[in-house]
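Thanks for coming. I will walk through a few local features of one model, and you can follow along on the screen.

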Amino acid sequence: MYHGIININKEAGYTSHDVVAKLRGILGQKKIGHTGTLDPDAVGVLPVCLGVGTKLCDMLNITEKEYVASMRLGVTTDTQDMTGNILKQEQVRVRAEQIEEAVYHFKGDYEQIPPMYSALKINGKKLYELARAGKEVERQARCVQIKEIEIQKVDIPFVQIRVVCSKGTYIRTLCDDIGKRLGCGAAMASLQRTRVGEFRVENALPLSMVERLRDENRLQDYIVPVADMFPCLEAIKVKSQYQKHLANGNCLARQMAYEGHDLVDGVQVRIYSEAGIFYGIYRYEGKEEMLYPVKMFICDM
């Protein structure tokens, strides 16, 4: 079984769930999960957790994503992209400086209303399910951050932009909001996710490559070990005589670990066996001089 995170380059036409299903077939294992959805027509980076790596999904602090999007000015759709039904079309009479002002206006924090065609839930119902049933409900605006935004190409009615944003930002909605500011409407025409945290599109693998690397017994070289997802946490080894405590996922007294570490109250650390096998993330409680498990990843990585 494979364990860790693999950087997949999702192709158009596949849902994120499709990618997981195909990987289950390619790798011959069930424990696989993705870290965040991409629309079926979108392409690019999709980090996928494997084996004990699936325990990472609620721990990964991926706060920054990068996209390249093309938007079609003069069109408003119900999905905010060109796959939806056209609600309104207008002539595009905007100058280059107006486009620049509208695009760069959104740099920084802004209140974004999630689209109806999204997987967010309200009262237990996914918004896209309500939208498909012809219902629209009120959504609360959420603060998102556009850390970087630049215009890469203007070929009216199309405008290509690069966006670095916080987790939870909808690029479709950003395009729609830019169109509203311009007064002519806009819908997202294409989307490529080029980065998720440290996972970049230039290092992402298409599914066909995953299959080939599996056959060549080289796939493990492209899987990021679980422990490597916590580079900022100090690594501590537990003495061999306390291996049983560690293997059972028990809390550990400070003296069970090797000295030479300046632990402060509340700090989280990576815990290894004396043999160098990663077991999990622990939190140090200084008053008790104890290490308590936060998440265990018991597997010979």
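Gly-183 comes right after helix 4, and its phi is positive, near 85 degrees. Helices here are DSSP runs of H or I with at least four residues, strands are runs of E with at least two, and both are numbered from the N terminus. Before I go on: this is a predicted model, where local features need pLDDT of at least 70, side-chain atom pairs count only at pLDDT 80 or more, and totals for chains, interfaces and linings use all residues. Residues are numbered from 1 along each chain as its sequence is written, and side-chain values use heavy atoms, with hydrogens and water left out.

Back to helix 4, residues 171–182. The expected span of a helix is 1.5 Å times one less than its number of residues. For these twelve residues that gives 16 Å, and the end C-alpha atoms are 17 Å apart, which agrees. Is the helix enclosed or not? Ten of its twelve residues are buried, so helix 4 is largely enclosed by the rest of the structure. Buried means under 20% relative accessible area, exposed means over 50%, and partly exposed is in between, with a 1.4 Å probe and protein chains only. Among the buried residues are Arg-172, Asp-176 and Asp-177.

Next, the rings. The structure has four aromatic pairs. In Phe-106 and Tyr-110 the ring centres are 5.0 Å apart and the planes are at 70 degrees, so this pair is edge-to-face. Rings of Phe, Tyr and Trp (its six-membered ring) pair if their centres lie within 6.5 Å; planes under 30 degrees apart are stacked, over 60 edge-to-face, and the rest tilted. Phe-106 is buried at 8% relative accessibility, and Tyr-110 is buried at 11%.

Phe-278 and Phe-297 are a stacked pair, 5.8 Å centre to centre with 20 degrees between the planes. Phe-278 is in strand 18 and Phe-297 in the segment after strand 19, so the pair ties together parts 19 residues apart in sequence. Phe-278 is buried at 2%, and Phe-297 at 0%. Ring pairs join both of them with Phe-230 and Tyr-272 in a cluster.

Last, the sheet. Five strands form an open sheet in the order 15-17-18-19-16, with mixed pairing. Strands 15 and 16 are at the edges with a single partner strand each, so one side of each has no neighbour in the sheet. Two strands pair if DSSP finds at least two bridges between them. Strands 16 and 19 pair antiparallel over two bridges, and Leu-252 has Leu-291 in strand 19 as its bridge partner.
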